[in-house]
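Visitor: I should like to understand the terms applied to this model. Please set each value against its definition.

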Amino acid sequence: KNHSLWKNVDEYFEAKLLPDDKILNQTLDNNQAAGLPQIDVAPLQGKLLYLLTKMKSARQVLEIGTLGGYSSIWFAKAVTQNGKVISLEANQSHAEVARQNIENAGFKQTVQVLVGNALDTLPTLENAGESFDVIFIDADKQNNPKYLEWALRLANEGALLIADNVVRNGEVIDQKSEDERIQGLREFVNMLENEERIESTAIQTVGSKDYDGFVIGIVK
Ligand code: SAM
């Protein structure tokens, strides 16, 4: 019952606040046709990522977890002129779908999809001297603690950090969970508790993607 209400409310605000964006809709259709799991951010959440990125006047965005490029395209729309989005994806076929969507959206020059385990591609970014104004963590949650360490190394001063799926239907408070993703999230939150370089908060969300949430923070 709640789910259909949340979905209807999402649809109400989508109709009012999201301009009918053919490219973004096409991206979701392509992802579904290619058999990708429907675990992209919800449209209203994509717009939130876009707005936050604009508020920062971000030039460089790092995304960990590309899937079909839906959130990457929202970031690409938001970066400053000559801005760049680097998105990391382990699954070759997800990356191929993403590259096609990104090209169709006209962002081939803006978004670079790097294929490989993010734990292997992140060091190459550091070696290349890359640094970022917005970092979005949205891949395998068991590795969130390592992604947080990398985020600290790659963040520009004042960078915005966003992590998705930090609530998972409330499972995050199950300290005995045997799900390694939940344990990864809990470890990630423990790190935030003790990390003086980050000021952060958590926001619970409901909607077409059920009950979940974001951590949002600023790296000093
Ligand atoms: N950010 C995307 C969006 O909103 O459109 C959704 C990303 S989806 C939740 C997570 C993605 O992370 C999947 O495509 C998965 O293949 C990828 N992934 C999982 N483990 C990874 C790893 N170790 N390195 C890089 N990507 C990984």
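Visitor: What makes the pair formed by a nitrogen atom of the ligand and a polar backbone atom of A90 a polar contact?
Guide: A polar contact is a pair of N or O atoms within 3.5 Å. The ligand nitrogen lies 3.1 Å from the polar backbone atom of A90, so the pair qualifies under that limit. This is a predicted model, in which local features need pLDDT of at least 70 and side-chain atom pairs pLDDT 80 or more, while totals for chains, interfaces and linings use all residues. Residues are numbered from 1 along each chain as its sequence is written, and side-chain values use heavy atoms, without hydrogens and water.

Visitor: Which side chains have a polar atom at 2.9 Å or 3.3 Å from a ligand nitrogen?
Guide: In S71 a side-chain N or O atom is 2.9 Å from a nitrogen of the ligand; for Y147 the distance is 3.3 Å. The protein buries 90% of the 610 Å² that the ligand exposes when taken alone (Shrake-Rupley method, 1.4 Å probe).

Visitor: What is the make-up, by class, of the shell around the ligand?
Guide: The shell has 10 nonpolar, seven polar and five charged residues; Asp, Glu, Lys and Arg count as charged, Gly is among the polar, and Ala and Tyr are among the nonpolar.

Visitor: How do you know that the chain agrees with a compact globule?
Guide: The rule is 2.2 Å times the number of residues to the power 0.38, over C-alpha atoms. For 220 residues it gives a radius of gyration near 17 Å, and the chain has 17 Å; therefore the two agree.

Notes. A polar contact is a pair of N or O atoms within 3.5 Å; within protein, one must be able to donate a hydrogen and the other to accept it, and residues adjacent in sequence count only if both atoms are side-chain atoms.
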